[in-house]
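Please read the following account with the sequence and the model side by side. It moves from single residues to the bound ligands and back to the protein chain.

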Amino acid sequence: MNDQAEALRQLVKQQSDQHYQEKTKFISVTSGKGGVGKSNFSLNFSLAMQRLGKRVLVIDADIGMANIDVLMGTSSRYNLYHLVKNEKTIWDIISVGPEGLHYIAGGSGLLDLIRLSDEEVARFGTEILKLQGQYDYIIFDTGAGLSKETAQFITASDETIVVTTPEPTSITDAYALIKMVNSIDETVQFKIVVNRSSDRAEGERTATNMASVTKRFLNIELPAIGYIYDDPHVSKAVKKQVPLMILFPESNAARAINQIAMEYLNMPQSSSTGIKGFLHKLLKRSR
Ligand SMILES: Nc1ncnc2c1ncn2[C@@H]1O[C@H](COP(=O)(O)OP(=O)(O)O)[C@@H](O)[C@H]1O
Ligand SMILES: [Mg+2]
């Protein structure tokens, strides 16, 4: 190959790398306690972001539960299992849901995969790298609590959204999770969403109280992105297996999620290290 062609190749590579660094941001959605609304939030927040013009990929990282598929009434042939087991590539396992939302399904019934080996984490990372330039946001819907895998996704992401409800049990578990993550990696950036709030005051109070406790005891900033009403439409949408944003776009909860997406995009963004940064952190953590 002549020098000019090589120089050009390098230039193109550099440019696409730069494009990327600015563009792809990794968000983990997590909680201390289960059943607080992470999967519903991840899915509907992704749809809201997409409606605001962002390119989003949502990944069901709650291995064994396959929540995202169930919430959309879809069923995917391939999922993360096939990827980490080296049977399928990243392109094979990306499915397209309602409104053209790109997602990667979790593996229903694949409970034997509860622990990913370091090799499997590496395989996942290598395949993710192929997504350079494809998405503005990659959002992980994680399992509750801090498994080894969840810790890896969180510490490799640019940002972690902690979902809690106003109930004391959910709040104390969220606090415990933040504390644990912080002890593993103190650079993790958290934001909080209060779900199932009975009114605005309760949502704001919950977020403010949590932020003051994390600030005081852990010296962690915990900006609130917003709160979501406790709304029977959520459960109705789950039962119909149609995402809330699509089935009941005018419901209080859907409006709140839309508000959160807008607020999120208006907030000062923590710097993104892009796909390469994500991969680097993921692999460093798996050693
Ligand atoms: N804002 C809300 N209002 C009313 N019910 C909700 C709300 N968010 C979640 N739920 C209920 O909680 C259930 C669990 O939500 P899910 O998203 O699966 O939680 P997680 O992923 O945290 O386990 C939903 O099926 C729904 O019935
Ligand atoms: Mg879930």
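Is L101 buried or exposed in this predicted model? With a relative accessibility of 0%, L101 counts as buried, the cut-off for that class being under 20% relative accessible area. L101 belongs to the loop that runs between strands β3 (94-96) and β4 (102-104). A partner from another part of the chain can be named for L101: V56 is 45 residues away in sequence, yet the two C-alpha atoms are 7.2 Å apart in space.

A similar description can be given for I139. This residue is part of strand β5, and its relative accessible area of 0% places I139 among the buried residues. Along the chain, I139 and K25 are separated by 114 residues, while their C-alpha atoms are 8.4 Å from each other.

The account now turns to the ligands. Ligand 1 occupies the largest pocket. Two or more residues of the shell around ligand 1 come from each of the elements α2, β7 (190-197), β8 (224-229) and α10 (232-240). The residues around this ligand number 15, and those that come nearest are K38, S39, N40, N195 and D231.

Several polar contacts can be described for ligand 1. One oxygen atom of the ligand has a polar side-chain atom of K38 at 2.8 Å. In the case of S39, a polar backbone atom lies 2.9 Å from an oxygen atom of ligand 1. D231 also takes part through its backbone, with a polar atom placed 2.9 Å from a nitrogen atom of the ligand. On its own, ligand 1 has 560 Å² of accessible area, and the protein covers 81% of this.

S39 appears again at the second ligand, a magnesium ion. Which protein atoms serve as donors to this ion? They are OG of S39 and ND2 of N67, at distances of 2.1 to 2.8 Å from the ion. S39 is situated in helix α2 (residues 38-51) and N67 in helix α3 (residues 67-72), so the two donors tie together parts of the chain that are 28 residues apart in sequence. The two residues can also be described by their accessibility: S39 is buried, at a relative accessible area of 11%, whereas N67 is partly exposed, at 24%.

Helix α2 deserves a further look. N44 lies in this helix and is buried, with a relative accessible area of 1%. A polar atom of the N44 side chain is 2.8 Å from the backbone oxygen of N40, and N40 is one of the residues that come nearest to ligand 1. In general, an α-helix has 3.6 residues a turn, so residues three or four places apart point the same way.

Another helix, α7 (residues 148-156), illustrates burial over a whole element. Eight of its nine residues are buried, and therefore the rest of the structure largely encloses the helix. The buried residues of α7 are E149, T150, A151, Q152, F153, I154, T155 and A156. I154 has a counterpart in V188: the two residues are 34 places apart in sequence, and their C-alpha atoms are 7.6 Å apart in space. V188 is located in the loop between α8 (168-184) and β7, and V188 is itself buried, at a relative accessible area of 12%.

The backbone calls for attention at two residues. Most residues other than glycine have a negative phi. N86, however, has a positive phi near 70 degrees. N86 is placed in the loop between α4 (80-84) and α5 (90-93), and its relative accessibility of 53% makes it exposed. R196 likewise shows a positive phi, near 65 degrees. R196 lies in strand β7, and at 46% relative accessibility R196 counts as partly exposed.

A last pair of residues joins distant stretches of the chain. L129 lies in the loop between α6 (118-128) and β5 (137-141). With a relative accessible area of 26%, L129 is partly exposed. G277 is 148 residues from L129 along the chain, and the C-alpha atoms of the two are 10.0 Å apart.

Technical notes:
Residues are numbered from 1 along each chain as its sequence is written. Chains are lettered from A and ligands numbered from 1 in the order in which they are written. This is a predicted model: local features need pLDDT of at least 70, side-chain atom pairs count only at pLDDT 80 or more; totals for chains, interfaces and linings use all residues. Side-chain values use heavy atoms; hydrogens and water are left out. Donors are N, O and S atoms within 2.8 Å of the metal (3.2 Å for Na, K and Ca); water is not among the atoms, so sites may look incomplete. Helices (H or I, at least four residues) and strands (E, at least two) are DSSP runs, numbered from the N terminus. Buried means under 20% relative accessible area, exposed over 50%, partly exposed in between (1.4 Å probe, protein chains only). A residue is near a molecule or strand if one of its heavy atoms lies within 4 Å of it. A polar contact is a pair of N or O atoms within 3.5 Å; within protein, one must be able to donate a hydrogen and the other to accept it, and residues adjacent in sequence count only if both atoms are side-chain atoms. Accessible areas come from the Shrake-Rupley method with a 1.4 Å probe; for residues, only the protein chains shown count as cover. On a 1 Å grid over the protein atoms alone, a cavity is a set of points where a 1.4 Å probe fits but cannot get out, and a pocket is an open set with protein on both sides within 12 Å along at least five of seven lines; lining residues have an atom within 4 Å of a point. A molecule sits in a cavity or pocket if more than half of its atoms lie within 2 Å of its grid points.
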